[in-house]
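Here are my notes on the model you sent over, point by point. Have it open alongside as you read.

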Amino acid sequence: MINMRKAAIIGCGFVGATTAFSLMHQGLFTELVLIDTDQKKAEGEAMDLSHGRPYVDTARIYAGTYDDITDCSLIIITAGANQKPNETRLDLVHKNVAILKSIIPEITKRGCEGLLLIVSNPVDILTYAAFRLSGFPSSRVFGSGTVLDSARFRYLLSEHLKVDTESIHAFIIGEHGDSELAVWSGTNVAGIPIHDFCEFRGHYHHTEAMEAIYHRVKNSAYDIIDRKGATYYGIAMAVSHITESIIRNKNSILPISSLLTGQYGIRDLYLSIPTIVNRGGAQQPLEIPLSGQEHLALTKSAKTLKEVIASLDL
Ligand code: 6V0
C-alpha cells in the first residue's frame with residue numbers, strides 16, 4: 001500500500017538535505033525518510049531539520065533504512081558525486097551509475113510501488129539507468145531534467161525584460177547539461193512572441209541577447225560551482241515544484257527527463273521535453289513545435305547521450 005504523504009530522499013548531501021528543507025516548508029508530507037551510506041550524516045540532517053518542526057506543517061523526518069521506504073509514494077535520489085570545478089556532468093557518469101546500481105535493487109527487492117525521481121547527475125543517463133535497472137514502467141521513473149534550467153532561463157528573461165517570471169513561457173529542453181537548448185521559437189510573454197515583446201521593452205539586438213542569455217543558463221552550474229563549490233538551493237526548489245505537481249495531482253507540464261518513444265524521431269532515451277506530470281508520474285512527453293535548427297540541436301543532444309549510454313553496462 002502506498003502512503004501518498006510519505007517520501008524518501010536517498011543521498012543527504014547538499015542537494016538531499018536542501019531538498020528535505022524545501023519539502024518540509026511545503027507541508028506535502030507527513031513522513032520524510034532520509035537515507036545515506038553515511039548514516040551519521042543522515043541522522044544529523046534529520047535532527048537539525050526536526051528542530052524546525054514547530055514552525056512548519058510537516059512531517060516526521062528521520063534517518064531510516066530501505067525497510068522504511070516500501071510504502072513511500074515518492075523516492076528522490078540525490079546520492080552521488082557532484083561536479084568539481086572544470087568537471088562536466090557527463091564526467092560523473094561511471095561513479096554515479098555504480099552508486100545507482102547499489103541503490104535500485106534495494107528498492108525493487110522490497111516491492112516498492114512509488115515513483116522514482118532521479119536528481120543525481122548526469123541526470124538523463126542516470127534516469128535511463130534507473131529505468132533499466134528497476135524494470136518499473138517509464139511513467140514511474142523520471143528525472144528532474146531541465147526544470148531547473150528552464151527556471152534559470154525564465155529568471156534571466158524576467159530580469160532582461162523587467163516582467164514577472166510567471167508571465168514568461170519558456171523551456172530549456174534536451175540534455176540537462178552542455179548540449180541543452182533553448183526553445184526560442186516558442187518563447188513568449190503573455191502570448192506575445194519573444195522578439196516582439198523585447199521590442200516593446202526597448203531591446204532590438206536579438207541575436208546577441210539570445211546568445212548571452214542562453215550561455216548564462218547553460219553555464220549557471222559552472223559559474224556557481226566556481227564561486228561556492230556546489231549548487232543546491234535552485235535544484236531543491238525545482239524538485240519541490242515537481243513533487244507538488246505529483247502529490248497534488250496537478251497535471252503540470254514540466255520539462256522533466258522522461259522516456260522518449262518516438263517523439264522527434266528519438267526513442268529509448270531519457271531527455272527533457274515538456275511532460276504532463278501528475279500522481280501517476282510522467283504521463284505524456286509532449287512533442288512541442290520546434291524550429292528546424294532547434295530540432296537539429298535536440299537530435300545532437302540525443303546523440304551525445306546515446307553515445308554515453310552505449311559505453312555503460314546496464
Ligand atoms: P554531496 O554533497 O557530495 O552529497 C552526495 C551524498 O550522497 C553524500 O552524502 C554521500 O554520502 C551520499 N551517497 C553516496 N553514495 C550513496 C549511496 N550508495 N547511497 C546513499 N547515499 C549515498 O553531493 P550534492 O548533494 O552536491 O550532489 C548530489 C548529486 O546531485 C550530484 O550527482 C550532483 O551532480 C547532482 N545535482 C543535480 C542537479 C540537477 O539539476 N539535477 C543540480 C545540482 C546537483
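1. Start with β10 and β11, which run antiparallel and are joined by two bridges. One residue pair to look for is Val189 with its bridge partner Ile192 in β11. Keep in mind throughout that this is a predicted model.

2. Those two strands belong to an open sheet of three, ordered β7-β10-β11 and paired antiparallel. The edges are taken by β7 (168-169) and β11, each of which pairs on one side only. As a general reminder, the strands of a sheet pair through backbone hydrogen bonds, whether parallel or antiparallel.

3. Now the loop between β10 (188-189) and β11 (192-193), which is where Gly191 sits. Is Gly191 buried or exposed? Its relative accessibility is 56%, and the cut-off for exposed is over 50%, so Gly191 counts as exposed. If you want a long-range reference for Gly191, take Gly281: the two are 90 residues apart in sequence, and their C-alpha atoms are 28 Å apart in space.

4. Next, have a look at Lys162, in the loop between α5 (147-161) and β7. Lys162 is not a glycine, yet its phi is positive, at about 55 degrees. Its relative accessible area is 61%, so Lys162 is exposed.

5. Asn251 deserves the same kind of look. This residue also has a positive phi of about 55 degrees without being a glycine, and its place is the loop between α9 (233-247) and β12 (252-254). Buried, exposed or partly exposed: which is Asn251? With 44% relative accessibility, Asn251 counts as partly exposed, because that class covers values between the 20% and 50% cut-offs.

6. Going back into helix α9, you'll find Thr243. Thr243 has a relative accessible area of 0%, so it is buried. For a distance across the model, try Thr243 to Phe200: 43 residues apart in sequence, and 36 Å apart from C-alpha to C-alpha.

7. The hairpin is made by β13 and β14, with five residues between them. In its turn, Gly262 has a positive phi of about 120 degrees. Strands β13 (residues 257-261) and β14 (residues 267-272) are antiparallel and pair over five bridges. Among the paired residues, Leu260 has Leu269 in β14 as its bridge partner.

8. For parallel pairing, turn to β2 (residues 31-35) and β3 (residues 60-63), which are joined by four bridges. Leu34 stands opposite Ala63 in β3. On the way from β2 to β3 the chain passes through helix α2 (residues 39-50), and this β-α-β crossover is right-handed.

9. One peptide bond to check by eye is the one from Asn121 to Pro122: it is cis, with omega near -5 degrees. Pro122 is in the loop between β5 (115-118) and α4 (123-134).

10. Then the ligand. Which residues come nearest to it? Of the 26 residues around the ligand, the answer is Val15, Asp36, Ala81, Asn82 and Val119. By type, the shell divides into 12 nonpolar residues, 13 polar ones and one charged.

11. A few ligand contacts are worth displaying. The side chain of Asp36 has an N or O atom 2.6 Å from an oxygen atom of the ligand. Phe14 takes part through its backbone, where a polar atom is 3.0 Å from a ligand oxygen. On the nitrogen side, a ligand nitrogen atom lies 3.4 Å from a polar side-chain atom of Ser102. How much of the ligand does the protein bury? The ligand taken alone exposes 870 Å², and 86% of that is buried by the protein.

12. Last, where the shell comes from. The elements that give two or more residues to the shell around the ligand are α1 (14-26) and α3 (93-108). α3 gives the most, with four residues.

Methods. Residues numbered from 1 in each chain as written. Predicted model: local features only at pLDDT ≥ 70, side-chain atom pairs only at ≥ 80, totals over all residues. Heavy atoms only, no water. Near = heavy atom within 4 Å. Polar contact = N/O pair within 3.5 Å; in protein donor to acceptor, adjacent residues only side chain to side chain. Areas by Shrake-Rupley, 256 points an atom, 1.4 Å probe, with all protein chains shown as cover. Nonpolar A, V, L, I, M, F, W, Y, C, P; charged D, E, K, R; others polar. Pairing = 2+ DSSP bridges. Right-handed = clockwise from strand over helix to strand, strands pointing away. Buried < 20%, exposed > 50% of the residue type's maximum accessible area, 1.4 Å probe, protein only.
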